[in-house]
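Reader: I would like to learn how to read the features of a structural model in order, beginning with a single element and working outward to the chains. Could we take the cases as they come?

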Amino acid sequence: MEIFLNRYRNITVLAVVMIGQLFLLAYQVKTRQDVRLIRVWAVSGILPLARIVDLVRDNTIGLLDDYSDLWRAKEENLRLKKSLDDLKLENQFLKNELETADRGKSLSLFQAQIQSRTAAARVIARGTGTESKVVWVDRGSRDGVARGMAVITPDGIVGKVSGAYPGSSQVILITDPSFAAGVVSQKHRVHGTLKGQGHSVCSIEYIQNEEPVEAGEWFYTSGDDKIFPKGLRVGQVSVARQGKMFFREVFLAPSGLQGGMEAVLIVLDGVHEAIPDNPEVTASPELHLLKPPPPDSKLGMEANHVIRGVFSTDADDILDRYKRIGAAQGHEYGAGSVPNFNINPAPPAAGARPER
Amino acid sequence: MTELSDRMLGMRGRSRKYQLRPLVLLLVPVASILFQVYTPLFWGFFSFLELPLLVTVYFSLMRRDPAMGALIGCGIGLVQDAFSSNPLGVFGMVKTLVGFFAAHVSGLFDVENAVIRFGLGFFFFLFHQFSYWVLVRALLGQTPPFDFPQAMLFGLLNAAVAAPLFGLLDRL
């Protein structure tokens, strides 16, 4: 046996390592569970280093710029050139600061405006592999992040958390081939399933040929997938054509990935929202969205009433009608007697939903 | 045989086996994975660079021990898997094969020759991409496209990086 192992040592080691990994893979695929320990070790070992490198890069990039500018100034007039370059540097630095501040402001405004509870996170690394559609963010299970949570930006959805570790989380992007989410069109309320294609465009599947979808139309999350709350922007249809079988071929440019990704929001507690009639309203929330009215304002109360009326159900209508019947007859519900439900009560106040 | 063919086939360097320092064996793969996950965030161009693969090839070539090459490949691949969206083991298996075969062929060539290093870097990149594609299709049921012209181009770029990188690693 020993002679055999010595003679076939290399091939034995290869076989053992390959079979071991095959079993590891089979276990994960069969049980749909991750071998968390190995990932935690690897992530905890590497990502803190990525954070340190990021910190060093942040702090030294200005120093390197200074050095290169000084080098140039030395070649020409030392004092004048240096002063000019300093001004240029300052200008560039302030521009960058302004850009960063704008991006941060946009994110925090958006965070305050949406009803869902979110946590801001910074993208610190990218997944491995040349075709990777995965990024890593600096918020993890310690911050309340869990697997399956939605990841968004003010421009649209970005992906979902596919693994949460103590100080960081893995986010699978919407362009990844394994990504899927329920979506609905803004104009005709056509439901479909968004799927990643492995490149910059996503497809929307299971939309029947008879259903109307046009190029340029916006899609929003439908909330059907229990991951993304309803009403978040997904993107604009770039191609919509009749399919060969039953379903249309619809391709969409995701809006959440178009502006680059430095900071994102992780939806910790999602709240469904209405799909806006005009998608441009949410395009730049810091510019276009109206502030909520003050609570004691009469206009605000009317506006609230209108909103409530528009989204009220049949049960709300019946309840409203019974209240008006009771009020017309001076009847107090629960007092014992029964009011006459056959009378036609006064129409609702202006602004409320018209009676059907 | 000519002197050139002697050199290419490694008649003179075949018996030489490098002893890699444990710290180098640990830090270089970590640095390569750190490079792969961090650098493309700011310079997307670098996403073509499969540095963990080049490091696996280098260590396996220089150790000239197929069993050790397989283990090195397995370790680097599993850490790489931890940062991917796939289950653990895909990159692990691919790099195990790369490490094993790289160490196996190291006895046949003069692995200190820059041209040989370029050629091996190119070959093992294509081997890696193709094996990954086959494994993902066969074991995970996914159907990623195999872009052959892109793989060739990336292979050449990686091979171009491999030659100076191996020279740098020789000095560690």
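**Reading a two-chain model**

Author: Let us begin with one helix of what is a predicted model: in α2(B) the buried residues are V28(B), P29(B), S32(B), I33(B), Q36(B), V37(B) and Y38(B).

Reader: What span should the 17 residues of α2(B) have, and what is the distance between its end C-alpha atoms?

Author: Because a helix is expected to rise by 1.5 Å a residue, the 17 residues of α2(B) should span 24 Å, and the end C-alpha atoms, which lie 24 Å apart, agree with that expectation.

Reader: Which elements make up the chain B to which this helix belongs, and how much of chain B is buried?

Author: Chain B holds 7 helices and 0 strands, so that its order from the N terminus on reads α-α-α-α-α-α-α. Of its 172 residues, 47% count as buried, and among the contacts in chain B between residues at least 6 apart in sequence, 70% join residues at least 24 apart.

Reader: How is a pair of packed helices described?

Author: Two numbers serve for this, namely the angle between the two axes and the distance between those axes. In the present case α5(B) and α6(B) pack at an angle of about 145°, and their axes are 9 Å apart; the crossing of α5(B) and α6(B) is right-handed.

Reader: Which residues make the contact of α5(B) with α6(B), and how do they divide by class?

Author: From α5(B) come V90(B), M93(B), V94(B), L97(B), V98(B) and A102(B), while α6(B) supplies F124(B), F127(B), H128(B), S131(B), Y132(B), L135(B) and V136(B). Divided by class, this contact of α5(B) with α6(B) has 11 nonpolar, 2 polar and no charged residues.

Reader: How many residues does each chain give to the contact between chain A and chain B?

Author: Chain B gives 36 residues to that contact and chain A gives 37 residues. On the side of chain B that touches chain A, the elements that give two or more residues are α2 (22-38), α4 (66-82), α5 (90-105) and α6 (114-140) of chain B, and of these α4(B) gives the most, with 9 residues. By class, this side of chain B has 26 nonpolar, 9 polar and 1 charged residues.

Reader: Turning to the other partner, how many helices and strands does chain A have?

Author: The secondary structure of chain A comes to 7 helices and 12 strands. Buried residues make up 28% of its 356 residues, and among the contacts in chain A between residues at least 6 apart in sequence, 57% join residues at least 24 apart.

Reader: In what order do the strands of the closed barrel in chain A run?

Author: The closed barrel has 6 strands, running β6-β7-β8-β11-β10-β9 in chain A, with antiparallel pairing. Neighbouring strands of this sheet are turned against each other by 40° on average, when direction is ignored.

Reader: How are the individual pairs of strands to be followed, bridge by bridge?

Author: One can walk from strand to strand, naming a pair of residues at each step. Strand β7 (residues 191-195) and strand β8 (residues 202-205) of chain A pair in the antiparallel sense over 3 bridges, and here K195(A) stands opposite S203(A) in β8(A). Next, β8(A) and β11(A) pair in the antiparallel sense over 3 bridges, with I204(A) opposite V250(A) in β11(A). Finally, 6 bridges join strand β10 (residues 233-241) of chain A to β11(A), the two running antiparallel, and Q236(A) has A253(A) in β11(A) as its bridge partner.

Reader: Which side chains along strand β11 of chain A are buried, and which are not?

Author: Along β11 (residues 249-254) of chain A the side chains alternate, in that V250(A), L252(A) and P254(A) point to one face and are buried, whereas E249(A), F251(A) and A253(A) point to the other face and are not.

Reader: What should one look for in the backbone angle phi?

Author: Most residues other than glycine have a negative phi, which makes positive values worth a second look. K226(A), a residue other than glycine, has a positive phi near 65°, and K226(A) is found in the loop between β9 (218-221) and β10 of chain A. R64(B), likewise not a glycine, has a positive phi of about 60°, and R64(B) is found in the loop between α3 (51-63) and α4 of chain B.

Reader: Are K226(A) and R64(B) buried or exposed?

Author: K226(A) is exposed, because it has 9 other C-beta atoms within 10 Å and the cut-off for exposed is 12 or fewer. R64(B) is buried, because it has 21 other C-beta atoms within 10 Å and the cut-off for buried is 20 or more.

Terms used: Residues are numbered from 1 along each chain as its sequence is written. Chains are lettered from A and ligands numbered from 1 in the order in which they are written. This is a predicted model: local features need pLDDT of at least 70, side-chain atom pairs count only at pLDDT 80 or more; totals for chains, interfaces and linings use all residues. Helices (H or I, at least four residues) and strands (E, at least two) are DSSP runs, numbered from the N terminus. Two residues are in contact if their C-beta atoms, placed from the backbone, lie within 7 Å. Ala, Val, Leu, Ile, Met, Phe, Trp, Tyr, Cys and Pro count as nonpolar, Asp, Glu, Lys and Arg as charged, and the others, Gly among them, as polar. The expected span of a helix is 1.5 Å times one less than its number of residues. Two strands pair if DSSP finds at least two bridges between them. Axes are lines fitted to C-alpha atoms, for helices over the stretch in contact, and angles run from 0 to 180 degrees between N-to-C directions. A crossing is left-handed if the near helix is turned anticlockwise from the far one by less than a right angle, and right-handed if clockwise.
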